[in-house]
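User: Please take a close look at a single part of this protein and explain how that part is built into its surroundings. I would value one connected account rather than a list.

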Amino acid sequence: MADELPWWASTVIYQVYPRSFADSNGDGIGDLPGIIDHLDHLVDLGVETLWVSPFFASPQRDVGYDVSDYRDVAPEYGTIDDAQRLIDEAHAKGLKVMFDLVLNHTSDEHPWFVESRSSRDNPKADWYVWADGYRDRNGKPKPPNNWRSELQLPRAWQWGEERQQWYLATFLSFQPDLNWRNTEVRVEMFDMVRMWLGRGVDGFRLDIFGSIMHDEALRDNDPKPAFINGMPRVQTPSRTMNTPENFAVAADLRAVCDEFEGDDRVLIGEVFGPPAVLRRYIEDQGRPGLHLVFLFEFLSSPYSASRYRRLIERFEREFPAPLVPTYVVENHDRARSLSRVGGDLAKARVLATLLCTLRGVPVLYMGQEIGMENTYIPLAEANDPIPSVVAKRLPEWVNRRLPERLNRDEVRTPMHWTGEDGAGFTDPGVRTWLPIHPDHVTRNVAAERDDPTSLLAWYRQLLALRKATPALRSGTLDLATDVPTEVIRFERTLDGTTVAVVANLGAEPVTVPVSNAVLGARMAEVLLVSDPAATVDGHLVNLPPNSAAVVELR
């Protein structure tokens, strides 16, 4: 039964990038009071869980993913009281709240690291991963092994002049890795987690969680190149990703969450690897770990019925109930989905239909519901630190072809609330931290709210139907295989209720049976169609190109 599932197993998550969501004080930077002021938008949309990207104290060199104090708020975002008010007011509106935690590393300006790098014998000398390395024949220091950072081109080791040692930085050079083998580090980090849980946070999204623990002997990675979740790597990260110790940290963190009303809190991990590895984060050697893991393949897949069908088959096979797949078509690191489908709103409606009706937890990124697209920003003007590390070594045309991989600013621009100057994000005339997309004049919440043909209206209808239909929230999924190449069709069933979803991703109209089984005396009632020209005639559904229908079988 749907009401027997924990809330996180059937929720709808909405990611807010706080710097770009809403600016309450006119400084051009989004903040926590701005999020609070727009909680009603999330309620009206129909999402149920708010995921807030990092707003903790930080020098902002990686826009908050370089934390300098986990227990405080960056002043440009507000105060600790604002964070508490966000939790309380979201709860009052029926929303769960999930914060983004970066457990792998801190900022190099964190007081812990400032002390750690000062000498080899200070109280926090072992709070980060330090190693000696060696000297070449010219006496130049060389890192202890061949490990690459997550960005692949730079090495993972950075030289610490004060200690005459190397420190590990899995992501960017100014983000030193914490040493999770140090008991004091674990105690401090878990106590910080308890602090936020005690304030009422319902769970955490865990940034690059699969890289927290590395090979203790610092052995080289296999130099053989590899693809992991569609991302190229110049070496196979067997010593730096998904080590057995990582799964143990997941279980330890779960135990901390279970101190607070058990399954009422949730952990969702940004982890990469084959399904057998990802499942070990959920349970390993009989110990429960994370509740959910992101499945990112839809982010990198082209718009294709056959490709999506294979992914759905994989997710169903590899994450069977009671495991829960996640579906993501946008986030703060990868291209906007509407940009990936060439600005075609009909295709965006089909993607929305699949996202909101498949078995699992759908994750939306702010602005996805109104069809925000990438905003081209030249590399030379990027705030994102990645271009300075990687992209500026490459030609500008590469940035135009792969903007989400080289300049993440392009998918992080301010939210469009109105068509006015400032887009309702900030006051007119204010210079925003990133430019506002020119199409905010027509593509914004105010313009789409009362337009029944808008993408926002379609998302609201889908999520309202999902909320009202237990079969769509927690029913089984039966995926049809005997359908035309460009069609995806599946049924969701719970307690005798069956809802069929049929989508045509092709360029030609199609007519297909609405059900996997012979209807017999059962009737088909149309619940939603993404195109008014879509119809159901007896047991057949007629779909124009790039359209979808949701039908209840009675």
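Analyst:

**Strand 19 and the sheet around it**

All five of the five residues of strand 19 (residues 361–365) are buried, so this strand is largely enclosed by the rest of the structure. The model is a predicted one. In a regular strand, side chains alternate between the two faces of the sheet. In strand 19, Val361, Val363 and Tyr365 point one way, while Pro362 and Leu364 point the other way, and all of them are buried. Here, buried means under 20% relative accessible area.

Strand 19 belongs to an open sheet of eight strands, whose order is 17-14-11-5-2-1-19-18 and whose pairing is parallel. Strand 17 (292–293) and strand 18 (326–328) stand at the edges of this sheet with a single partner strand each, so one side of each has no neighbour in the sheet. In the strand order, strand 19 stands between strand 1 and strand 18.

Consider these two partners in turn. Strand 1 (residues 13–16) pairs with strand 19 in the parallel sense, over three bridges. Within this pairing, Gln15 stands opposite Tyr365 of strand 19. Tyr365 is also one of the residues that point the same way as Val361 and Val363. On the other side, strand 18 is joined to strand 19 by three bridges, and the two strands run parallel. Val328 has Val363 of strand 19 as its bridge partner. Strand 18 is thus described by two statements: strand 19 is joined to it through three bridges, and it is an edge strand with a single partner.

The approach to strand 18 carries a backbone feature of its own. Most peptide bonds are trans, and most residues other than glycine have a negative phi. The bond joining Ala321 and Pro322 is a cis peptide bond, with omega about 10°. Pro322 is found in the loop between helix 9 (305–318) and strand 18.

The other end of the sheet can be followed through strand 14 (residues 266–269), which is joined by four bridges to strand 11 (residues 203–206), the two running parallel. Phe204 has Leu267 of strand 14 as its bridge partner, and Leu206 stands opposite Gly269 of that strand. In strand 14, Val266 and Ile268 point one way and Leu267 and Gly269 the other way, and all are buried. Strand 14 also pairs with strand 17, in the parallel sense and over two bridges. In that pairing, Gly269 stands opposite Val293 of strand 17. Gly269 therefore has a facing residue in each of two strands, since Leu206 stands opposite it and Val293 of strand 17 does so too, and strand 17 is itself an edge strand with a single partner.

Strand 5 also has a place in the strand order, between strand 11 and strand 2. Ser107 lies in the loop between strand 5 (96–101) and helix 4 (111–116). With a relative accessibility of 1%, Ser107 counts as buried. Leaving aside residues up to four places away in sequence, Ser107 touches Pro59, Asp66, Val67, Ser68, Phe113, Phe174 and Pro176.

The setting of the sheet is a protein chain with 17 helices and 27 strands. The radius of gyration of this chain is 24 Å, close to the 24 Å that the globule rule gives for 554 residues, so the chain is as compact as a globular protein of that length. Its C-alpha trace spans about 80 × 55 × 50 Å along the principal axes. Buried residues account for 62% of the 554 residues, and the five residues of strand 19 are buried as well. Among contacts between residues at least 6 apart in sequence, 69% join residues at least 24 apart. The chain exposes about 20,900 Å², of which carbon and sulfur atoms supply 51%.

Two loops elsewhere show a further backbone feature. Gln285 has a positive phi of about 55° although it is not a glycine, and this residue is found in the loop between strand 15 (283–284) and strand 16 (287–288). Asn546, with a positive phi near 50°, lies in the loop between strand 26 (540–543) and strand 27 (547–553). Gln285 is exposed, with a relative accessible area of 76%, whereas Asn546 is buried, with a relative accessible area of 11%.

Technical notes:
Residues are numbered from 1 along each chain as its sequence is written. This is a predicted model: local features need pLDDT of at least 70, side-chain atom pairs count only at pLDDT 80 or more; totals for chains, interfaces and linings use all residues. Side-chain values use heavy atoms; hydrogens and water are left out. The radius of gyration is taken over C-alpha atoms; the globule rule is 2.2 Å times the number of residues to the power 0.38. Buried means under 20% relative accessible area, exposed over 50%, partly exposed in between (1.4 Å probe, protein chains only). Contact means heavy atoms within 4.5 Å. Accessible areas come from the Shrake-Rupley method with a 1.4 Å probe; for residues, only the protein chains shown count as cover. Two strands pair if DSSP finds at least two bridges between them.
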